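I opened the notebook to record what I looked up in one structure. The entries go from the whole chain to single residues.

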Amino acid sequence: MSSWWVLAIGFLAQGFFSARTLVQWILSEKARKVLSPTVFWVLSVAGSWLLCLYGWLRQDFAIVLGQFFSYYVYLYNLRLKGAMKRVPLIVRGLLLLTPVAAILFAVNDAPAFIDNFFRNEDIPLWLLVFGSFGQILFTLRFIYQMWYSSRRGESVLPPTFWLISLTGSLCICTYGVIRLDPVLILGQSFGLVAYIRNLMIGYKSRFRKSE
């Protein structure tokens, strides 16, 4: 089990993710359609940065992998929202370069990185592959969302996004149970409810438009 301060970082990260989901859910309920508010992406960046740090401290490659890709998707959506223009240039630079700095740090001592993340006795290879698959699937929702939004020229959360979210979340939650990771279990359990509800809101919204 990780020390309390490592778990605190993980729970804080999931707190940001839960907050983004809750805000997006409430605003969508009020609008009676699925929304993509700016605050959703702001909280996503904060949560992703912290969860990546948590995964690094836990020496859990699956967690780091998932956050590494989705992090830039969050920043892309903030750019689509025009929010990045309001961020000071030095902060923007730090946000963009943080993952690059992590890669350079890992490459600088590649043997130690491989031993810690791929030969970890706490995570068998089959479990690492399963967890990484769940994280990749979970990340694909944002790759799809970015592609969908770029075609429309605005930040949108389409129905397929929530379907992929639901499937990926189930995989990560299972991985968390096997790993006895309370951060992953708690975070994904809350998300499952929100993903199902967003699918219901999206369906009702399309039904009203077809009437």
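Below are my entries, in the order in which I made them.

**Entry 1: what kind of model**

I noted before anything else that this is a predicted model. I kept that in mind for every value below.

**Entry 2: the elements**

I looked up how many helices and strands the protein has. I found eight helices and zero strands. Reading from the N terminus, I wrote the order down as α-α-α-α-α-α-α-α.

**Entry 3: overall size**

I checked the radius of gyration against what a compact globule would have. For 211 residues the expected value is near 17 Å, and the protein has 17 Å, so the two agree. I also took the box filled by the C-alpha atoms, which is roughly 60 × 40 × 30 Å along the principal axes.

**Entry 4: surface and contacts**

I looked up the share of buried residues and got 45% of the 211 residues. The exposed area of the protein is about 11100 Å², and carbon and sulfur atoms supply 71% of that area. I then turned to contacts between residues at least 6 apart in sequence. Of these, 76% join residues at least 24 apart.

**Entry 5: helix 3 and helix 6**

I asked at what angle the axes of helix 3 and helix 6 cross. Helix 3 covers residues 61-80 and helix 6 covers residues 125-152. Their axes come within 8 Å and cross at roughly 10°. Angles under 35 degrees count as roughly parallel, so helix 3 is roughly parallel to helix 6. I sorted the residues in this contact by class and listed 14 nonpolar, 11 polar and no charged residues.

**Entry 6: two residues of helix 6**

I picked Q135, which is found in helix 6. Is Q135 buried or exposed? The relative accessible area of Q135 is 4%, and buried means under 20%, so I entered Q135 as buried. Leaving out neighbours within four places in sequence, I listed its contacts as A62, I63, G66, Q67 and I172.

I did the same for S149, which also lies in helix 6. S149 has a relative accessible area of 0%, so S149 is buried too. Beyond residues up to four places away in sequence, S149 touches N77, L80, E154, S155 and V156.

**Entry 7: positive phi in two loops**

I read up on the background before this entry: most residues other than glycine have a negative phi. I therefore wrote down residues with a positive value as worth an entry.

R32 has a phi near 60°, which is positive, and R32 is not a glycine. I located R32 in the loop between helix 1 (4-31) and helix 2 (38-57).

L180 has a positive phi of about 55°, and L180 is not a glycine either. I located L180 in the loop between helix 7 (159-179) and helix 8 (182-210). I then looked up whether L180 is buried or exposed. Its relative accessible area is 62%, so L180 is exposed.

**Entry 8: V100**

I went to V100, which lies in helix 4 (residues 89-108). V100 has 38% relative accessibility, so V100 counts as partly exposed. How far apart are the C-alpha atoms of V100 and Y54? I got 17 Å for this pair, with the two residues 46 apart along the chain.

Definitions and conventions
Residues are numbered from 1 along each chain as its sequence is written. This is a predicted model: local features need pLDDT of at least 70, side-chain atom pairs count only at pLDDT 80 or more; totals for chains, interfaces and linings use all residues. Side-chain values use heavy atoms; hydrogens and water are left out. Axes are lines fitted to C-alpha atoms, for helices over the stretch in contact, and angles run from 0 to 180 degrees between N-to-C directions. Helices (H or I, at least four residues) and strands (E, at least two) are DSSP runs, numbered from the N terminus. Angles under 35 degrees count as roughly parallel, over 145 as roughly antiparallel, 65 to 115 as roughly perpendicular and the rest as oblique. Ala, Val, Leu, Ile, Met, Phe, Trp, Tyr, Cys and Pro count as nonpolar, Asp, Glu, Lys and Arg as charged, and the others, Gly among them, as polar. The radius of gyration is taken over C-alpha atoms; the globule rule is 2.2 Å times the number of residues to the power 0.38. Buried means under 20% relative accessible area, exposed over 50%, partly exposed in between (1.4 Å probe, protein chains only). Contact means heavy atoms within 4.5 Å. Accessible areas come from the Shrake-Rupley method with a 1.4 Å probe; for residues, only the protein chains shown count as cover.
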